[in-house]
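Work through the exercises below with the structure open. Each task is followed by a solution in steps.

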Number of protein chains: 2
Amino acid sequence: MVKRTRLQEDVCPVARSLDVIGDWWSLLIVRDALSGVRRFSEFQRSLGVAKGMLAARLRDLVAEGVLETAPASDGSAYQEYVLTPKGRALYVVVAGLRQWGEDHCYGPGEAHSVLCDVAHGQPVARLELKCAEGTPLGPEDIVVVAPT
Amino acid sequence: MVKRTRLQEDVCPVARSLDVIGDWWSLLIVRDALSGVRRFSEFQRSLGVAKGMLAARLRDLVAEGVLETAPASDGSAYQEYVLTPKGRALYVVVAGLRQWGEDHCYGPGEAHSVLCDVAHGQPVARLELKCAEGTPLGPEDIVVVAPT
DNA sequence: CAGTATCCCCCCTGATACTG
DNA sequence: CAGTATCAGGGGGGATACTG
């Protein structure tokens, strides 16, 4: 019936979020945008994605209000893609993914990237869970730990 | 060449995370698991996903170490799926998605779900950005705001 | 209930060529 | 450089039937 289950109408806010930025490339585009990437070619080089896909994703993200187009800052005739406040608010999600990846997706001693560091190489704070295992979690169980 | 771009070897921790839990259903499964869902049929009912897909996703998440199987707590012969510490650590990501969805994916006055509330209906704190617009963001710019 | 097996369509994705 | 247009394929994803 449905080609793919749509979550736009879902009652759960997590599902609605994933409906907007849950596909394969969107969050990587947002990650790059948070790092200051603005130009089509920069996104393409960073992501290694086909031009058609990139154009489609950028168009979708603009339509969703995550990105907006702006005149090129260098005076060229093209546009740039910059995050809206809605898009910038995804920083919390990207930072969470970044930290989780660092903690659980690398072998011991394996170096992390600094190129993709959304904090631009600064020492970063961490989001820790202070809730005991087995008990329900709430956002108040998240604590921000300053870098040592 | 490649059926789909793999990010497992990518140097960026965000990309590695998305390689593990970036597909359509994984984070929704984690969301339900954080809410206490453990049984196959519960996941299926909650997600409305085809059984084949659910079985594949659960298998993948177990293989990735996000979930682990455990004997059924009610004595039946089947297994249950519970989060590992690695999986529980995704709470930060799910909470971020949930909050972003609430803030940006609902019309004015439209009610949110409480069923999918990963905090089990408790009043929840919020993660706010205290960084000024236009400046680089870092995790230290995230502040946890207690419920009013 | 908890899956596995099978069928099949459609869209995602990638590659290439083309335009301004 | 910044896209658009087009094509081909592979698998994601749904539905159903079947098994233990």
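**Exercise 1. Find the order of the elements of chain A, from the N terminus on, in this predicted model.**

Solution.
- Reading from the N terminus, the order in chain A is α-α-α-α-β-β-α-α-β-β.
- Counted by type, chain A has 6 helices and 4 strands.
- Of the 148 residues of chain A, 37% are buried.
- Taking contacts in chain A between residues at least 6 apart in sequence, 33% join residues at least 24 apart.

**Exercise 2. Decide how α2(A) and α1(B) are oriented to each other.**

Solution.
- Start with the axes: helix α2 of chain A (residues 26-34) and helix α1 of chain B (residues 13-21) come within 10 Å, and their axes cross at roughly 170 degrees.
- Angles over 145 degrees count as roughly antiparallel, and α2(A) and α1(B) are therefore roughly antiparallel to each other.
- The handedness of this crossing is right-handed.
- On the α2(A) side the contact uses A:L27, A:L28 and A:R31, and on the α1(B) side B:V14, B:A15 and B:L18.
- Sorted by class, the residues in the contact of α2(A) with α1(B) are 5 nonpolar, no polar and 1 charged.

**Exercise 3. Carry out the analysis for α1(A) and α2(B).**

Solution.
- The axes of α2(B) and helix α1 of chain A (residues 13-21) are 10 Å apart, and the packing angle is about 170 degrees.
- α1(A) and α2(B) are therefore roughly antiparallel to each other.
- α1(A) and α2(B) make a right-handed crossing.
- From α1(A), the contact takes in A:V14, A:A15 and A:L18; from α2(B), B:L27, B:L28 and B:R31.
- The contact of α1(A) with α2(B) comprises 5 nonpolar, no polar and 1 charged residues.

**Exercise 4. Is helix α2 of chain B mostly covered or uncovered, and what is B:V30 in contact with?**

Solution.
- Count the buried residues: 9 of the 9 residues in α2(B) (residues 26-34) are buried, and the helix is mostly covered.
- The buried residues of α2(B) include B:R31 and B:D32, as well as B:I29, B:V30 and B:A33.
- For B:V30, set aside neighbours within four places in sequence; the contacts are then B:I21, B:V66, B:G87, B:L90 and B:V94.
- Next, place B:V30 in the largest nonpolar core, which has 58 residues. The residues with the most contacts inside that core are A:V30, A:V93, A:V94, B:V30, B:V93 and B:V94.
- As background, nonpolar side chains tend to be buried together in soluble globular proteins.
- Finally, look past the helix: α2(B) is followed by B:G36, which has a positive phi near 100 degrees.

Conventions:
Residues numbered from 1 in each chain as written. Chains lettered and ligands numbered in written order. Predicted model: local features only at pLDDT ≥ 70, side-chain atom pairs only at ≥ 80, totals over all residues. Buried ≥ 20, exposed ≤ 12 C-beta atoms within 10 Å, placed from the backbone. Helix = DSSP H or I, 4+ residues; strand = E, 2+ residues; numbered from the N terminus. Core = buried A, V, L, I, M, F, W, Y, C linked by C-beta atoms within 7 Å. Contact = placed C-beta atoms within 7 Å. Axes fitted to C-alpha atoms, helices over the stretch in contact; angles between N-to-C directions. Parallel < 35°, antiparallel > 145°, perpendicular 65-115°, else oblique. Left-handed = near helix turned anticlockwise from the far one by under 90°. Nonpolar A, V, L, I, M, F, W, Y, C, P; charged D, E, K, R; others polar.
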